[in-house]
Amino acid sequence: MASSKHFNLKATADETTGFGTNSSMYGGRLVKKDGRPNIRKSGLKFFERLSWYHTLIDLPRSKFLALILLGFLLINLLYALCYYMIGVDHLNGMVAETKSQKFIEAFFFSAQTFTTVGYGRINPTGYITSMVAAVEALTGLLFFAIATGLFYARFSRPKAFIRFSESAVIAPYKDGIAYMFRLVPFKNNMLTDAEVKVTIGLVEKENGKEMNRFYPMELEINRINALTLSWTIVHPINDKSPLFNLSKENLLEARAEILVYLKAFDETFSNTVVARASYTADELIVGAKFIPMYHRSPVGNYTVIELAKLNAMQKVELPVLV
């Protein structure tokens, strides 16, 4: 573990990151690659620490749709089993003969009742069957009300729609070098007043104890009026930088992690959106630079930005610093 003598003593530590200083209590990176804190909560029962709303809102689209479909199938299977156990002779209009056909008919009657379609060929008779059908109809109304609300919430929720480069680079910059990474908006939303803050977390050894230290990284430009093209974030490495005189090996030894926080104003939603990312030392490429992502169209009347080139880079020679 690197001692504090390896680090730039001119850099001022940032104590407002929200992360603790005792590094021995942390496992792995502080922030996941997608920007979420690398934390698992315990101490309460599972359902006490789980917000169903946030979970369903944040689920990937494919999993969310699969969950809705699975819920629909399971509920109708449960009600079909109820009808079958009560007795399918209480469902008038059935034409099925075998047990499997009768269960299938009960399932489709359940689906028609659940969705309140009610074609009318099959209808319940008897108090018990009619009561089950009434409860199912109410269950269906509540199910689709919740599903519709979740669909709308997912659809209407403001998001930044920002992608960050997979790696950061150390590249030539003016008469020296700089730490750089790149980001790009990948949807057709319009973001203005974009501002980014970058902090590095290092593990320093003081008096035999490992401590987290966080240092703000001054940027060439930390705010732009409109985020329409790609934006390469540049941190010049000079005598005021927390990266000054640190090699990649030093950063690996210190378990360095770059924390990125970006906020911007989405004109469509009239709301502020945020995006977060994290870069560890093993995601750093020394001696490389990003290849431009955008260019003039063939006819010259608009600009083309190639999103597939977000991670495109080329090797370069770094200047020899005296």
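The paragraphs below go through strand pairing, salt bridges and surface patches in a predicted model.

Strand β10, residues 257-266, is a convenient place to start. Seven of its ten residues are buried, so this strand is largely enclosed by the rest of the structure. β10 pairs with strand β6, which covers residues 191-206; the two run in the antiparallel sense over six bridges. Within this pairing, Asp266 of β10 stands opposite Leu191. β10 also pairs with strand β11, residues 271-280, again in the antiparallel sense, here over ten bridges. One point of contact to look up is Val260, whose bridge partner in β11 is Ala277. β10 and β11 form a hairpin with four residues between the strands. In that hairpin, Ser270 takes a positive phi near 50 degrees.

The loop that lies between α5 (248-253) and β10 holds Arg255. This residue forms a salt bridge with Glu210, and the closest N and O atoms are 3.1 Å apart. Because Arg255 sits in that loop and Glu210 in strand β7 (residues 209-216), the pair ties together parts that are 45 residues apart in sequence. Is Arg255 buried, exposed or partly exposed? With a relative accessible area of 43%, Arg255 is partly exposed. Glu210 is also partly exposed, since its relative accessible area is 24%, and the limit for a buried residue is under 20%.

Side chains of opposite charge can pair when their charged atoms come close. How many salt bridges does a search of the whole structure find? The search finds nine. One of them joins the side chains of Arg36 and Asp34, at 3.6 Å from N to O. Arg36 has a relative accessible area of 41% and is therefore partly exposed. Asp34 and Arg36 also belong to a network of salt bridges that includes Asp58 and Arg157. Another salt bridge is formed by Glu306 and Lys309, with 3.4 Å between the closest N and O atoms. Both ends of that pair are partly exposed: Glu306 has 28% relative accessibility, and Lys309 has 29%.

Helix α2, residues 61-86, brings the text to the surface patches. Arg61 lies in this helix and counts as exposed, because its relative accessibility is 65% and the cut-off for exposed is over 50%. Arg61 forms a positive surface patch together with Lys159, Arg163 and Lys187. Leu67 also has its place in helix α2. At 39% relative accessibility, Leu67 counts as partly exposed. Which residues join Leu67 in a nonpolar patch on the surface? They are Leu70, Leu74 and Leu77, and the patch has about 340 Å² of accessible area together.

A last stop is Thr12, found in the segment before α1 (52-58). Thr12 has 60% relative accessibility, so this residue counts as exposed. The C-alpha atoms of Thr12 and Lys240 are separated by 9.1 Å, although the two residues are 228 residues apart along the chain.

Methods:
Residues numbered from 1 in each chain as written. Predicted model: local features only at pLDDT ≥ 70, side-chain atom pairs only at ≥ 80, totals over all residues. Heavy atoms only, no water. Patch = residues over 30% accessible without salt bridge, like charges linked within 9 Å, V, L, I, M, F, W, Y side chains within 5 Å. Areas by Shrake-Rupley, 256 points an atom, 1.4 Å probe, with all protein chains shown as cover. Salt bridge = Lys/Arg side-chain N within 4 Å of Asp/Glu carboxyl O. Lys, Arg positive; Asp, Glu negative; His and termini not counted. Charge placed at Lys NZ, Arg CZ, Asp CG, Glu CD. Buried < 20%, exposed > 50% of the residue type's maximum accessible area, 1.4 Å probe, protein only. Pairing = 2+ DSSP bridges.
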